[in-house]
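This briefing goes through one protein chain by topic. Have the sequence and the 3D structure open while reading.

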Amino acid sequence: MSKEEIKAFMDASKIDQPATVEEFTEAVLGAYKDRTRQVYFIWRKLKELYPEVDANRVIREGSYDFGLYQGEQIAQRYGGGDNVGPKEALLGQTSRGGLLVFKQEIKELSEEKAVKMFNRCPHVEALTELGLSKEEIKMFCRDMLGHCDYAICKPFTNVEIDFPTTIADGEGCGCAMTITKKKAE
């Protein structure tokens, strides 16, 4: 590639210009989908090369460890997991990219309960594009990838998280991330 071709390519990439909301959303969406595809291909290769290994467990536990890492980062921002209630737990894992790409809506935000709806799922979209059945997508989400979200809240001693519905369930509902304050024992 000549210097002129490189310059033309770089100019066309608009790397020195701010991204539009649409460009930003598409870039983040693509990154989420690529992460899902990578995990899927690792899972599939584990099953192929090492059939004696529980590939679901490997991905589940890796997802859990990733979520735990994220949760510890959030806890540090609040001065420790004891300082994180439902509101902080939800806001601590909410970003501009997530709001846009997952079409998230914060439905409830209090000291007792926080609910965020995910109305789009790049994970489900990527798995659908790869040809997985609805049952396989639900299994991939509920049995493996979703453990990341549960682990995020593990460092927070005062909250519990649940997803009563997910897009992957295939019932036409969004993912209802529901974080509640633990009951006093």
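Strand E4 is largely enclosed by the rest of the structure, because 5 of its 7 residues are buried. Buried here stands for under 20% relative accessible area. The model is a predicted one, and the points below start with the sheet that contains E4.

**The sheet**

- Strands of a sheet pair through backbone hydrogen bonds, either parallel or antiparallel.
- In this chain an open sheet is built from 4 strands in the order E1-E2-E4-E3, and their pairing is antiparallel.
- Strand E1 (104-109) and strand E3 (159-162) are the edge strands, each pairing on one side only.
- From one strand to the next, the twist averages 15°.
- Between E2 and E4 there are 6 bridges, in the antiparallel sense.
- On the E2 and E4 pairing, Met 117 is found opposite Ala 176 in E4.
- E3 is joined to E4 by 4 bridges, and these two strands run antiparallel.

**Edge strand E3**

- The side chains of E3 alternate along the strand.
- Val 159 and Ile 161 point to one face and are buried, whereas Glu 160 and Asp 162 point to the other face and are not buried.
- Both of the buried residues in this pattern have a place opposite E4: Val 159 has Lys 181 as its bridge partner, and Ile 161 stands opposite Ile 179.

**The chain as a whole**

- There are 8 helices and 4 strands in the chain.
- Read from the N terminus, the elements follow the order α-α-α-α-α-β-β-α-α-α-β-β.
- A box of roughly 70 × 45 × 30 Å, taken along the principal axes, is filled by the C-alpha atoms of the chain.
- The chain has 185 residues, and 36% of them are buried.
- Among contacts with a separation of 6 or more, 59% are between residues 24 or more positions apart.

**The largest pocket**

- Rolling a probe the size of a water molecule over the atoms shows where empty space is left.
- The largest pocket holds about 880 Å³ of space.
- It is lined by 40 residues, and those closest to its centre are Arg 35, Gln 70, His 123, Cys 148 and Asp 149.
- Two or more lining residues come from each of these elements: helix H2 (21-49), helix H3 (55-77), strand E2 (113-118), helix H6 (122-129), helix H7 (134-145), helix H8 (147-152) and strand E4 (175-181).
- H3 gives the most to this lining, with 8 residues.
- By residue type, the lining of the largest pocket consists of 21 nonpolar, 15 polar and 4 charged residues.

**Lysine 33**

- Is Lys 33 buried or exposed? Lys 33 counts as buried, because its relative accessibility is 11% and the cut-off for buried is under 20%.
- Lys 33 lies in helix H2.
- Leaving out residues up to four places away in sequence, Lys 33 touches Pro 122, Glu 125, Ala 126 and Glu 129.
- One of these contacts joins distant parts of the sequence: Lys 33 and Pro 122 are 89 residues apart in sequence, yet 5.5 Å apart in space, C-alpha to C-alpha.

**Two lysines with positive phi**

- Lys 14 is in the loop between helix H1 (3-13) and H2.
- Phi of Lys 14 is near 55°, which is a positive value in a residue other than glycine.
- Lys 14 counts as partly exposed, because its relative accessibility is 44% and partly exposed covers the range between under 20% and over 50%.
- Lys 103 is in the loop between helix H5 (96-101) and E1.
- Phi of Lys 103 is near 50°, again a positive value in a residue other than glycine.
- With a relative accessible area of 46%, Lys 103 is partly exposed.

Definitions and conventions
Residues are numbered from 1 along each chain as its sequence is written. This is a predicted model: local features need pLDDT of at least 70, side-chain atom pairs count only at pLDDT 80 or more; totals for chains, interfaces and linings use all residues. Side-chain values use heavy atoms; hydrogens and water are left out. On a 1 Å grid over the protein atoms alone, a cavity is a set of points where a 1.4 Å probe fits but cannot get out, and a pocket is an open set with protein on both sides within 12 Å along at least five of seven lines; lining residues have an atom within 4 Å of a point. Grid points are joined across faces, edges and corners, and a volume is the space filled by probe spheres set on the points. Ala, Val, Leu, Ile, Met, Phe, Trp, Tyr, Cys and Pro count as nonpolar, Asp, Glu, Lys and Arg as charged, and the others, Gly among them, as polar. Two strands pair if DSSP finds at least two bridges between them. Axes are lines fitted to C-alpha atoms, for helices over the stretch in contact, and angles run from 0 to 180 degrees between N-to-C directions. Buried means under 20% relative accessible area, exposed over 50%, partly exposed in between (1.4 Å probe, protein chains only). Contact means heavy atoms within 4.5 Å.
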